[in-house]
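Work through the exercises below with the sequence and the model side by side, and try each task before reading its solution.

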Amino acid sequence: MMKKSKLFSLIALLLTAVLLLSACGGNNTANNAGNGGNTAQNDTQGGDAAEPVTITYCNFNSSGGNEETLAKMVAAFETEYPNIKVEVETIGFDDYFTQMQTRVAGGTAPDCYELNIENFAAYANKGMLAEITGVDVSGLNDTALNAFKVDGKQYGLPESFSNVVLIYNKDLFDQAGVDYPTADWTQDDVQDAAEKIRALGDDIFGIWQPITYNEFFKVVAQYGGALLNEDKTAFTINSPENLEAATVLVDRVLESNVQPNAVQQGGMGDWDMFMSGRLGMIPTGIWAFQTFTDGCDFAWDIAVEPGSTQKATHFFSNCVVMNPETEHPEEVAAWLAWLASSTASADIRLEAGWDLPALKDLDALSSYLEVTPPDNREAVFESLDYLVMPPVIEDYALMSDIISQKLAAAAEGTITVQEALDQAQAECEAQIKLA
Amino acid sequence: MKNRLPPRRKRGGEGLVTASPFLLPSLIGLLVFSLLPLIISGLISLTDWNGLDRLTDPDFLQDHFVGLANYKSILTTPEFWNTLGNTMEYIVLYIPLMLAASLLVAYLLSRPHRGIGAFRVVYYIPVLTSWVAASLIWKSVLAPQYGAMNGILAWFGIQGPGWLLDEAWAMPAIVLVSVWKDMGFFGLILLSGVVGINKTYYEAADIDGAGGWTKFTRITLPLLTPSIFYVVIVAMINGFQLFPQVMIMTGGGPNGATQVMVERIYQYGFRYYRMGYAAAFSWILFVIIMVFTAIQMKGQERWVHYDS
Amino acid sequence: MTAKKRVNTALFYAVAIALAVLAMVPFLWMIATSFKSRGALMSIPIEWLPKEPTWDAYIKVFSKFPFARTIANSLFISVSYTAITLFSASLAAFAFAKIRFFGGRLLLSVYLAMMMIPTQVTMIPLFVIMNKLGLTDTYASVIMPSIFRPFAVFLLVQQMRTIPNDFLDAARIDGAGIFQVYRKIALPLCIPSLATLSITTFMESWNDYLWPLLMLSDKNKMTLPIALSTLNGQYNTEYNVLMAGSLISMIPIIIIYVIAQKQFKNGMMAGGIKG
């Protein structure tokens with residue numbers, strides 16, 4: 001008796017729910033009409049010039065200090081294109097991708113938005129982005145452009161751009177009696193200098209280079225290695241070149257201890273360690289310049305990142321992408337191209353000391369060189385000759401987490417470097433299907 | 001009042017008709033905001049959805065259906081058992097500590113001393129602090145070399161551990177921080193139970209010459225059991241859903257020692273774009289929580305006293 | 001006897017103050033950090049108190065977004081959310097605790113089960129449902145889920161179960177309708193729990209971040225946590241600004257807490273009549 005009644009109410013509940021569910025599923029076919037890849041073709045839209053079109057643009061990069069810079073860019077764009085209005089939505093970095101994913105899946109994504117390299121591949125490979133065509137992007141840096149191409153199609157435009165340089169504490173170099181780093185330094189030179197600086201005191205370390213995926217894919221390139229084979233069909237994580245690279249990084253912590261281990265680092269941020277004057281060198285992004293200028297009471301400068309058998313330098317780039325369901329593909333493309341490649345936008349960006357624009361033509365950036373420190377700002381541009389492409393695959397985040405985790409274990413000494421790379425190789429092969 | 005349970009079917013006659021207006025608002029909410037999304041996520045768990053494709057496409061299920069593959073692959077990876085183990089470690093450490101701390105808070109706040117109002121606010125401050133701020137602060141307090149915690153331990157000649165950076169200590173450290181954060185919340189819930197206790201019991205005990213401790217164990221604790229039961233259940237559920245503090249303080253490290261289930265669910269769903277897998281993972285978590293809660297519910301008949 | 005009492009009092013204060021220090025130190029550190037300049041954040045040894053306190057962080061927070069509007073949004077949402085929760089949950093709890101009805105125990109377990117859902121995965125389905133209901137970008141989408149809060153129902157069920165049935169029966173015999181029993185007897189006896197519940201619910205709603213972020217894209221509807229989250233940059237977070245923002249957002253909750261505390265005291269008196 002009791003049992004029967006329980007069962008009944010359960011079924012009733014389920015039924016109601018399923019009914020509701022099917023009601024939700026029913027009336028959506030109309031929404032999908034625009035789903036078939038409508039890229040920015042040349043519709044005959046010239047006649048509508050009088051009526052301004054509003055497009056929405058969602059970004060994270062301006063959060064934390066550059067909201068006004070972006071607003072200035074929008075104003076400049078709207079003056080140039082009076083028939084387009086751009087509505088900006090700025091969201092903090094931490095949950096940007098969670099909310100963007102939800103909106104894309106729910107069908108309420110904005111007309112265009114910003115993605116970082118880590119997430120770009122997933123969106124592009126899963127068909128969430130429109131190819132950007134009909135605009136001139138020839139002024140953009142080729143490596144950066146290529147990073148946002150899939151199967152030869154341009155799904156994203158590099159909009160902000162930053163690279164990594166070797167930043168060093170001049171005072172510590174002077175005290176240790178070591179010559180300052182130059183563009184042709186190798187990892188061996190770094191090691192020598194780091195050891196001499198380490199000898200200055202218990203609390204002073206030669207270098208800080210995070211032993212994570214992000215550093216690793218660059219350092220293996222310096223040793224002639226790579227994480228994937230050429231056509232990205234197989235992982236090559238435990239190759240001899242990669243092993244050599246990983247060993248250099250790990251030994252700096254465990255063997256020569258020129259780099260602090262986690263306990264020695266004491267939970268302090270890497271930038272903070274550098275700014276407290278306890279680090280000789282730190283390869284980090286050029287976005288650190290402003291903070292270091294404000295926070296360091298010692299002299300510092302920069303050099304191109306060291307190489308080994310070859311040079312390889314790191315860059316970070318965010319791209320802007322188009323929602324394939326936008327009603328105004330042409331206007332969106334115009335805005336994205338303007339944002340990424342126009343000199344007007346580049347000027348505003350540079351003036352605010354935001355990221356670099358990803359432009360080929362460095363003359364536009366000459367004003368950038370005038371600001372010091374660092375004195376050797378040219379190194380920022382010299383580094384562009386050696387940019388290494390991150391191995392963009394669909395499961396980028398998963399791959400990078402697996403590798404980072406194994407490298408961290410190796411850096412703690414729980415497993416050997418060889419084991420770390422073997423395990424990372426095995427796990428990546430097991431969990432990730434390459435095209 | 002006598003310790004007498006009402007006859008089981010006493011109000012059976014009033015039944016659903018009487019109850020339904022009381023239940024209606026929350027029932028609607030239950031259906032639309034909880035049950036329906038839950039069922040949809042159950043369906044998602046049977047797919048290889050990447051979390052980006054349109055959920056409302058008419059052929060969604062046909063295109064993505066993979067059956068129980070997600071469940072099978074989760075239950076056969078060591079990662080799952082690892083994170084389950086870590087989650088259990090947290091719960092086993094957290095619940096007794098938290099219960100002791102919040103009973104202490106409730107006891108102190110129930111005493112008729114001067115300045116109790118101020119203490120009541122102070123003990124609640126950690127609850128009011130956002131996890132982001134609290135986690136960041138504790139991270140620096142627990143920093144092995146320059147942190148306050150090991151500094152204080154050093155006064156007593158104790159060499160503190162590496163806390164969040166030490167595989168063995170990372171989870172206990174997270175437990176400590178969570179107890180710090182939650183004791184005011186649960187303490188207040190227990191306090192509202194304490195003040196609800198009929199004063200005449202204590203008066204009777206006074207006449208019998210019972211001491212403070214006797215009164216606490218013989219009167220307060222038994223009559224507080226409904227509140228304690230609530231606290232244990234809620235703490236357990238929260239424990240299984242442990243997430244923000246881990247994300248900010250350790251990110252799952254060192255070496256996976258603090259990887260917990262919800263953290264995995266989040267990563268799979270929103271970083272690795274394997275939403276079907278994440279949904280299956282959370283259904284497994286859901287079932288585990290239900291089993292543990294059902295056990296508690298059954299067990300409550302032995303130690304929880306309703307109806308003073 | 002009095003000597004013993006004095007020892008007890010001393011002991012009480014010793015323990016109470018020790019616990020208070022433990023609770024407060026991180027909070028005080030938060031305050032100290034919010035007055036530090038960026039450079040002072042990483043000095044060794046740690047600067048416990050800022051040597052040169054500055055308002056920079058606060059100025060930065062206030063200059064970032066329309067403050068009054070944001071606070072008003074947050075207040076409106078949190079107050080409505082709390083009111084609806086109290087209303088809906090206390091009704092349901094009364095039914096579960098004090099009315100025997102067909103399927104009641106089962107339904108209560110369904111309610112309880114809903115507490116156990118990890119929100120990460122129901123989020124997208126719920127988002128889609130809200131879209132279908134046409135509630136995207138409305139306050140309602142953020143407020144309406146308050147109608148079903150199993151944690152609140154559960155808390156109040158536990159509380160109402162301790163109300164002796166004879167009490168309610170007596171009222172019914174005096175001719176009170178079932179709603180009157182709920183309103184005039186059950187609710188007043190639950191004031192301590194309702195007060196606790198209103199604090200925790202308000203706080204949850206006030207601090208809720210991800211859901212409002214998903215639902216509200218109109219800048220004019222932005223809530224405080226969303227506004228504060230834009231202080232996080234991609235590469236770098238300024239901790240002093242973050243702490244200043246967190247402190248500002250704590251102020252309203254502390255005020256609500258103090259108000260609810262008054263209710264709590266009144267509730268204590270009400271508790272006296274019970275039983």
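The exercises that follow go from confidence, through whole chains and interfaces, to single elements and one residue.

This is a predicted model, in which local features need pLDDT of at least 70 and side-chain atom pairs count only at pLDDT 80 or more, while totals for chains, interfaces and linings use all residues. Residues are numbered from 1 along each chain as its sequence is written, and chains are lettered from A and ligands numbered from 1 in the order in which they are written.

**Exercise 1. Confidence**

Task: State what the mean pLDDT of chain C is, and which of its elements has the lowest mean.

Solution: Begin with the term itself: pLDDT is the predictor's confidence in each residue, from 0 to 100. For chain C the mean is 83, and 89% of its residues reach 70 or more. Next, go through the elements, where helices (H or I, at least four residues) and strands (E, at least two) are DSSP runs numbered from the N terminus. Helix H13 (residues 239-273) of chain C has the lowest mean pLDDT, 74, whereas helix H6 (residues 139-143) of chain C has the highest, 94. Then look at residues 269-275 of chain C, over which pLDDT stays under 50 and for which the model has 15 contacts beyond four places in sequence; two residues are in contact if their C-beta atoms, placed from the backbone, lie within 7 Å. Finally, for the complex the predictor gives an ipTM of 0.81 and a pTM of 0.84.

**Exercise 2. Two chains in outline**

Task: Describe the secondary structure of chain B and of chain A, and give the share of buried residues in each.

Solution: Chain B comes to 13 helices and zero strands, and its C-alpha atoms fill a box of roughly 75 × 70 × 30 Å, taken along the principal axes. Chain A, for its part, has 18 helices and ten strands. For burial, count C-beta atoms placed from the backbone: a residue is buried if 20 or more others lie within 10 Å of its own, exposed if 12 or fewer, and partly exposed in between. On that count, 49% of the 308 residues in chain B are buried, and 49% of the 435 residues in chain A are buried. As a last step, take the contacts with a separation of 6 or more: in chain B, residues 24 or more positions apart account for 71% of them, and in chain A, 76% join residues at least 24 apart.

**Exercise 3. Where chain C touches chain B**

Task: Find how many residues of each chain take part, and which kinds of residue chain C offers.

Solution: The contact involves 77 residues of chain C and 83 residues of chain B. Elements of chain C that give two or more residues to this side include helix H1 (2-34), helix H3 (67-98) and helix H5 (119-132). Sorted by kind, the residues on the side of chain C divide into 56 nonpolar, 17 polar and four charged, where Ala, Val, Leu, Ile, Met, Phe, Trp, Tyr, Cys and Pro count as nonpolar, Asp, Glu, Lys and Arg as charged, and the others, Gly among them, as polar.

**Exercise 4. A strand in chain A**

Task: Explain why strand E8 (residues 279-285) of chain A counts as largely enclosed, and name the strands that pair with it.

Solution: Six of the seven residues of E8(A) are buried, so this strand is largely enclosed by the rest of the structure. Two strands pair if DSSP finds at least two bridges between them. Strand E6 (residues 156-169) of chain A pairs with E8(A) in the antiparallel sense over five bridges, and Val164(A) stands opposite Gly285(A) in E8(A). Strand E7 (residues 205-207) of chain A runs parallel to E8(A) and is joined to it by two bridges, with Ile207(A) opposite Met281(A).

**Exercise 5. A helix and a residue in chain B**

Task: Check the length of helix H13 (residues 275-303) of chain B, and then decide whether Ala235(B) is buried or exposed.

Solution: The expected span is 1.5 Å times one less than the number of residues. For the 29 residues of H13(B) this should give 42 Å, and the end C-alpha atoms are 41 Å apart, which agrees. Among the buried residues of H13(B) are Trp283(B), Phe286(B) and Ile289(B); the partners of its buried residues include H10 of chain B and H5 of chain C. Ala235(B) is found in helix H10 (residues 212-240) of chain B, and Ala235(B) counts as buried because it has 21 C-beta neighbours inside 10 Å. Leaving out residues up to four places away in sequence, Ala235(B) touches Tyr94(B), Ile95(B), Met98(B) and Phe186(B).
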